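The exercises below are meant to be worked through with the sequence and the 3D structure side by side. Each task is followed by a solution that proceeds step by step.

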Amino acid sequence: MQLFTRLAKFAFPYKRWFFIASSAMLAGIAFDLIAPWLLKQTIDEGIAKSNVRAIVFFAALLGIGQILKSAIMYFQNYSQERLGQDVIFDLRQALYSHLQRLSFGYYDKAQTGQIMSRMTGDIDAVKNFIGFGAMLMATGAVSFVGTVIVMLNIHVKTTLISMVTVPFLLFAIRKFNRSIGPAWGAIREQMGKLTTTLQENISGIRVVKAFSQEKLERHKFNERNETNFDSNMSRAKIEAHSFPLLGFYGGIIFLLMLWVGGYHVAKGEMTVGDFMAFQWYIWGIVWPLNMLGWLVNIMQQAFKAAPRVFEILDTKIDIDTRPEGSVSANSIRGFVSFKHVSFRFPSGAVDTPMVLSDISFDVSPGEAVAILGATGSGKSSITQLLSRFYDVSEGAVLLDGRDVKDYDLIELRRKIGIVPQETFLFSATIRDNIAYGRPEASQEQIEWASRKAQIHDFISSLPNGYDTLIGERGVGLSGGQRQRVALARAILLDPPILVLDEATASVDTATESAIHEALHEVMHGRTTFIIAQRLSSIQRADRILVLEEGRIAEQGTHQELYEREGFFRRLFNLQENTDGVNKRKDEALLQTEGR
Ligand SMILES: Nc1ncnc2c1ncn2[C@@H]1O[C@H](COP(=O)(O)OP(=O)(O)OP(=O)(O)O)[C@@H](O)[C@H]1O
């Protein structure tokens, strides 16, 4: 019932189509009730009395009625489809907007395939019900009741005896309804899993092929496909078992009517016209009953699909984009302050250790701070809290002296240019990708950002330049090129805060040094966070924070940390040694080649 109410709320704005469809439906049923009577009149008043005028008159009325009904059917079909499409349009739109507003915490746990299948198959199932299932149900119910009333008026005994199987049929429908519901639930769930497997396989096809795991993946898909097949066969078995029984009960109604009606005609208690009219009327009760199984199917599909859709809509938005009383972030300067921040990912269990513990530091506007630490030490998490991809578990992150939670989130994020660790590019032109955060940017501005990111020359060398289309996730570009396009995208935002999360990890040392040279100018006047594991990436940092297992182990300038003989010094010595060894190897190689 709750589902009905929720779906009805979506349908309410389109009540106009509902009224047109239901009026057309009632008009259609009215015709179905009048037409057999016209037939009766044609037979009893025309044929039986050899009255040609009466035959022509009633037959003409029947013809006109048929034409009118066709026109009415057009309105009914159009408006009920329109109602379904409108509702589904809004539902899909609401779902998409909600998905856009859900935080990283949701996506950490969600499966893309499940979301996809809810946006497509589940929504379609709901549409089938709203579009014609519900209307057909209403038409059937009105037609059934109306026909029974008219038939009772013509001949009570024939009507009642003909309908003797109806209670059995309704009982069978109830049983069918109970068993088909779970079957449809399993199918919708299986479809979500099948889509997830497919989506993961396609997204990870390069890994699959690199590790020659096509057979394993085929096996995984096959398993899902088989489960889906089995679920559908279980459903088909229930249908195969129930539908003939429902058809049988419906057929018996027709036979009983022939038998009882024929008997009463023979006894002179019914006219031939009445009998013929009954033949027609009987379809008014048989078709809704015959359709019941099919309608229950549509309804159960929708009732299993709708909760999956509503489950997403009901997911609480934990990080609201425009919290009440939020302040504008448009004029922030970039003073960042972490106050005793501790953090655990929302997907992490309560008893797991914090990813960040008691982190406190201040960064002045324009300062460049490097965050250094072993893998998994919490470097990226720090910057994710700044952009409010997640909210702190304890403490506070302040921006220009205000809690980041107080700012309009959309404006806040526009003020933080991020080059993430994993570059994602859209299947669009290189220009569109660079201008993603600032679609109104001019070609000059885009080229300026590309130059700073050391990617302009490469783009210009392509036959289509900035108009070059890149594939999904940036296919067609190397890892380093993708990273530089992402860098240009962040630079173009011209933000007061810049976050470079291993932004030059995929480029060669020469390009890295060229990027850092150019970045020096870009970083000027901006608060910059440079997350890196290579010391060469953080040369330009004014200050370094060293993280160890989610805590700040040390902080200071290069010189201060070097003298402290801690993690930084160890890393420095290690990387110096590695660089030294590499350098010696290169020299030896050159000498060998030179000989
Ligand atoms: N979305 C997530 N959900 C749950 N735990 C996460 C999530 N992302 C990261 N973690 C965990 O949080 C810890 C810190 O991760 P973070 O990405 O901040 O480390 P990092 O220092 O940036 O590592 P790297 O240098 O490898 O990028 C890690 O132990 C990681 O397993």
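**Exercise 1: Domain arrangement**

Task: Establish how far apart the C-alpha centres of domain 1 and domain 2 lie, and describe the contact between these domains.

Solution: In this predicted model, the C-alpha centres of domain 1 and domain 2 are separated by 54 Å. The contact draws on four residues from domain 1 and five residues from domain 2. On the side of domain 1 that touches domain 2, one residue is nonpolar, one is polar and two are charged. As for the bounds, the protein chain is divided so that domain 1 covers 1-314 and domain 2 covers 336-565.

**Exercise 2: Annotated segments**

Task: Compare the UniProt annotations with the secondary structure of the chain, beginning with the feature at residues 19-301.

Solution: An unreviewed UniProt entry places the feature "domain: ABC transmembrane type-1" at residues 19-301. Over residues 19-301 the chain is 93% helix and 0% strand, with 25 Å between the end C-alpha atoms. The unreviewed entry in UniProt also lists residues under "transmembrane region", among them 51-75 and 278-298. Residues 51-75 are 96% helix and 0% strand, and their end C-alpha atoms are 37 Å apart, while residues 278-298 are 100% helix and 0% strand, with end C-alpha atoms 30 Å apart.

**Exercise 3: A helix pair**

Task: Characterise the geometry and the residues of the contact between α7 and α10.

Solution: Begin with the axes: those of helix α7 (residues 166-203) and helix α10 (residues 272-313) come within 8 Å and cross at roughly 35°. The handedness comes next, and here α7 passes α10 in a right-handed crossing. Turning to the residues, α7 contributes Leu169, Ile173, Phe176 and Trp184, among others, and these meet a set in α10 that includes Leu289, Leu292, Val296 and Arg308. By class, the residues of this contact of α7 with α10 divide into nine nonpolar, seven polar and three charged.

**Exercise 4: The ligand shell**

Task: Which of the 14 residues around the ligand come nearest, and how is the shell composed?

Solution: Of the 14 residues around the ligand, those that come nearest are Phe345, Thr375, Lys379, Ser380 and Ser381. Helix α11 (residues 379-386) supplies the largest share of the shell, namely three residues. Sorted by class, the shell around the ligand consists of two nonpolar, 10 polar and two charged residues.

Methods:
Residues are numbered from 1 along each chain as its sequence is written. This is a predicted model: local features need pLDDT of at least 70, side-chain atom pairs count only at pLDDT 80 or more; totals for chains, interfaces and linings use all residues. Axes are lines fitted to C-alpha atoms, for helices over the stretch in contact, and angles run from 0 to 180 degrees between N-to-C directions. Helices (H or I, at least four residues) and strands (E, at least two) are DSSP runs, numbered from the N terminus. A crossing is left-handed if the near helix is turned anticlockwise from the far one by less than a right angle, and right-handed if clockwise. Two residues are in contact if their C-beta atoms, placed from the backbone, lie within 7 Å. Ala, Val, Leu, Ile, Met, Phe, Trp, Tyr, Cys and Pro count as nonpolar, Asp, Glu, Lys and Arg as charged, and the others, Gly among them, as polar. UniProt positions are given in the numbering used here, feature names are shortened, and annotations may be inferred rather than shown by experiment. Domain bounds come from an automatic or database domain assignment. A residue is near a molecule or strand if its C-beta atom, placed from the backbone, lies within 6 Å of it.
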